[in-house]
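Subject: Structure for you to look at

Dear colleague,

Here is the structure I promised to hand over, and I would be glad if you read it alongside the notes that follow.

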Amino acid sequence: LANGIDQLAVLDLHSAATTSAAGGHDGRRGSLSVLSEVSRCQRSFKALERGLRAFAKYVPLDVVRMLMEGSLSQDSGAMDWHVVTIMFTDIVGFTALCEEVALDVLKRVTKEYLQKMCGVIVHTGGVLDKFIGDCIMALWNVPRPHPGQCHAACHA
């Protein structure tokens with residue numbers, strides 16, 4: 001068990017699957033004490049947790065959950081066609097604002113805008129796709145169906 005988890009923690013996914021399929025034996029001689037096995041599992045679990053947290057910073061949490069549940073196809077050739085609502089927002093006059101205000105004021109205003117907008121987008125069921133300068137690109141009806149996607153985007 002610890003060997004398979006160790007391999008997952010360093011993203012050696014092929015070996016981890018092979019070790020699991022073989023009942024956990026990886027050909028090493030000797031056996032681990034129960035305590036050292038549990039300790040290795042705990043360290044590897046913490047490494048996996050750190051990796052998932054880092055992954056979730058760059059991929060919408062809903063997508064991460066769906067991947068972990070196995071409810072999102074990992075087959076890159078599979079495509080489902082459906083209507084998606086896309087929203088782009090930005091701060092009117094942002095370039096001029098950048099030239100007129102102090103950097104600390106610009107940082108505070110931009111951070112406040114992005115935090116509020118992102119909160120509203122997520123609250124209405126949207127997924128943050130990307131930031132392009134002061135622009136936010138958000139999507140509704142992906143990765144999960146959202147029956148009121150157009151209204152939700154307009155509300156945001």
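The buried residues of helix 6 are covered by several parts of the chain, among them strand 1, helix 5 (94-100), strand 2 (127-132) and strand 3. Please keep in mind that this is a predicted model.

Helix 6 itself covers residues 103-123, and its 21 residues should span 30 Å at 1.5 Å a residue, which agrees with the 30 Å that separates its end C-alpha atoms. The residues buried in helix 6 are Leu106, Thr110, Tyr113, Leu114, Met117, Cys118 and Ile121. Looking down the axis of helix 6, one finds these buried residues within an arc of 120 degrees, and therefore they line one face of the helix. The reason such a pattern can arise is that an α-helix has 3.6 residues a turn, so residues three or four places apart point the same way. On the other side of helix 6, Asp104, Lys111, Gln115, Lys116 and His123 are exposed, and just after the helix Gly125 takes a positive phi of about 90 degrees.

Strand 1 (residues 85-89) also has two faces, a covered one with Thr85, Met87 and Thr89 and an uncovered one with Ile86 and Phe88. Strand 1 pairs with strand 3 (residues 135-140) in the antiparallel sense over 5 bridges, and Met87 has Ala138 as its bridge partner in strand 3.

As for the whole protein chain, there are 7 helices and 3 strands, and buried residues make up 26% of its 156 residues.

Best wishes

Technical notes
Residues numbered from 1 in each chain as written. Predicted model: local features only at pLDDT ≥ 70, side-chain atom pairs only at ≥ 80, totals over all residues. Heavy atoms only, no water. Buried < 20%, exposed > 50% of the residue type's maximum accessible area, 1.4 Å probe, protein only. Helix = DSSP H or I, 4+ residues; strand = E, 2+ residues; numbered from the N terminus. Pairing = 2+ DSSP bridges. Expected span 1.5 Å × (residues − 1). Arc of directions from axis to C-beta. Contact = heavy atoms within 4.5 Å.
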